Amino acid sequence: MNSASSNEISQWVQEAVQSTPVTDLHTHLYPPAFGGLMLWGIDELLTYHYLIAESIRAARLPYEQYWSMSQSAQADFIWRTLFVERAPLSEACRGVLTVLNALGLDVNARDLKGFREYFAQQKSQDYLDRIMTLANVRSIVMTNDPFDPAERQVWLKGVDVDRRFRAVLRIDPLLLGWPNVADSLSQMGYKCSASLDGATMAQVRRFLNEWLDRMKAIYMAVSLTPAWRYPDDSPTTRVLNEAILPIARERNLPFAMMIGVRRAANPQLRMAGDSLGHADISSVERICAQNPDNKFLCTMLSRENQHELVVAARKSPNLMIFGCWWFMNNPSIIEEMTRMRMEMLGESFVPQHSDARILDQLLYKWQHSRRIIAKVMNDKFQDLAAAGWKVTREQVARTAAAYLSDNFERFVEPTKR
Ligand code: HDL
Ligand code: ZN
């Protein structure tokens with residue numbers, strides 16, 4: 001069998017990465033059955049919290065002046081500030097253009113009114129089908145928060161979830177919110193006291209089991225601050241050790257840790273006001289080592305944590321690292337992270353998730369990332385060929401499928417004991 005030429009390899013990689021359907025393992029998306037929780041269209045795209053921060057900064061607009069505007073006026077302000085008065089060079093701005101372009105709209109028309117007319121003609125269900133097809137996303141994993149009254153109401157009423165969407169039980173308040181979360185739990189019917197005594201911990205376990213069942217959740221998730229340490233004598237460690245990790249083991253569900261966010265660093269920016277910090281990688285290693293029968297997903301928010309996290313994954317077979325999260329989701333950093341991960345983990349990681357909040361964002365987040373994943377994969381397969389290893393089209397396709405869906409799907413399916 002002749003060895004493939006460099007061009008052939010490059011073609012196989014491009015073809016495989018572009019044609020492989022994605023399982024998007026962390027998003028904030030919802031199907032139409034969730035009503036107003038499903039966000040899509042140009043005004044949502046423009047008022048994405050990344051662009052709120054960028055436009056208020058560029059225009060030095062007083063916060064209250066922004067927040068007092070209607071969403072349509074906010075979108076007009078953001079469009080004018082970032083796309084008309086300035087070159088839309090940032091990744092979040094580029095993303096809006098990629099979406100409009102992929103939908104066949106003329107971005108050079110600079111015609112916000114025309115864009116709005118286009119989106120006004122779309123029907124949510126058909127539009128969802130179209131976006132998932134165009135983005136080649138086969139499965140969307142949600143972030144589902146029972147502490148959010150609007151979302152809790154949808155679940156309690158009963159909702160028929162589109163089978164392409166799967167739920168995740170997101171439990172930040174349960175880990176970070178003691179003692180105040182005791183009141184929220186009690187109001188939901190789980191009688192809890194601030195003391196986290198035995199009776200309370202039993203109610204916490206009942207809450208987890210009932211919501212995991214109601215949502216048919218495929219993993220549990222939390223975002224943790226840079227200050228998170230494991231183990232320590234905080235309520236966080238107690239809830240982890242006495243409720244979350246035992247239930248995750250019993251159900252064979254992964255526990256996802258998204259580490260490094262500092263919430264409300266600038267509260268006047270509201271959802272756009274979160275920042276980041278360098279977190280403690282030894283806590284990640286310890287929680288994986290001390291709970292060998294648990295499966296952990298992990299992504300970190302600080303660039304300085306990325307190399308450490310790859311090494312931690314080499315030490316912890318029960319740790320699957322994933323994605324280029326939030327402030328990491330920029331081409332320069334995605335490439336750096338993907339290279340170090342491939343060089344130290346081979347195939348055993350999940351390069352990307354979209355974190356999309358607005359449905360249309362799937363188009364840009366995956367188009368931009370596929371391009372980078374393909375670039376790095378091609379370099380690595382060219383290196384293999386240079387070492388005399390015969391690269392085949394089937395192997396390239398298998399590797400692309402591992403990165404874009406299979407690694408995650410295999411990690412969440414019940415491990416054969
Ligand atoms: O906590 C999270 O899941 C983060 O992704 C936040 O939702 C953040 O606001 C975000 O949207 N990042 O992309
Ligand atoms: Zn998120």
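In this short talk I will go through the place where ligand 1 sits and the two domains on either side of it.

Please keep in mind throughout that the structure in front of you is a predicted model, and that the values I mention were computed from it.

Let me begin with the protein chain, whose domain assignment gives domain 1, covering 42–121, and domain 2, covering 168–321. The contact between them takes 7 residues from domain 1 and 6 residues from domain 2, while their C-alpha centres lie 34 Å apart.

Where, then, does ligand 1 lie with respect to domain 1 and domain 2? Both domains give residues to the shell around ligand 1, and therefore the ligand lies between them.

Turning to that shell, the residues that surround ligand 1 include His26, His28, Tyr48, His49 and Tyr50, and also Arg170, Met258 and Arg263, together with Trp325, Trp326, Asp355 and Arg357. If we sort the shell by residue character, we find 5 nonpolar, 3 polar and 4 charged residues.

Which side chains place a polar atom beside an oxygen atom of ligand 1? Among them is Arg357, with a polar side-chain atom 2.5 Å from an oxygen atom of the ligand. For His28, the distance from a polar side-chain atom to a ligand oxygen is 3.1 Å, and for Trp325 an N or O atom of the side chain is likewise 3.1 Å from an oxygen atom of ligand 1.

As for how much of the ligand is covered, ligand 1 taken alone exposes 330 Å², and the protein buries 98% of that area. Finally, the space that ligand 1 takes up is the largest pocket, and, as we saw, ligand 1 lies between domain 1 and domain 2.

Conventions
Residues are numbered from 1 along each chain as its sequence is written. Chains are lettered from A and ligands numbered from 1 in the order in which they are written. This is a predicted model: local features need pLDDT of at least 70, side-chain atom pairs count only at pLDDT 80 or more; totals for chains, interfaces and linings use all residues. Side-chain values use heavy atoms; hydrogens and water are left out. A residue is near a molecule or strand if one of its heavy atoms lies within 4 Å of it. A polar contact is a pair of N or O atoms within 3.5 Å; within protein, one must be able to donate a hydrogen and the other to accept it, and residues adjacent in sequence count only if both atoms are side-chain atoms. Accessible areas come from the Shrake-Rupley method with a 1.4 Å probe; for residues, only the protein chains shown count as cover. On a 1 Å grid over the protein atoms alone, a cavity is a set of points where a 1.4 Å probe fits but cannot get out, and a pocket is an open set with protein on both sides within 12 Å along at least five of seven lines; lining residues have an atom within 4 Å of a point. A molecule sits in a cavity or pocket if more than half of its atoms lie within 2 Å of its grid points. Ala, Val, Leu, Ile, Met, Phe, Trp, Tyr, Cys and Pro count as nonpolar, Asp, Glu, Lys and Arg as charged, and the others, Gly among them, as polar. Domain bounds come from an automatic or database domain assignment. Contact means heavy atoms within 4.5 Å.
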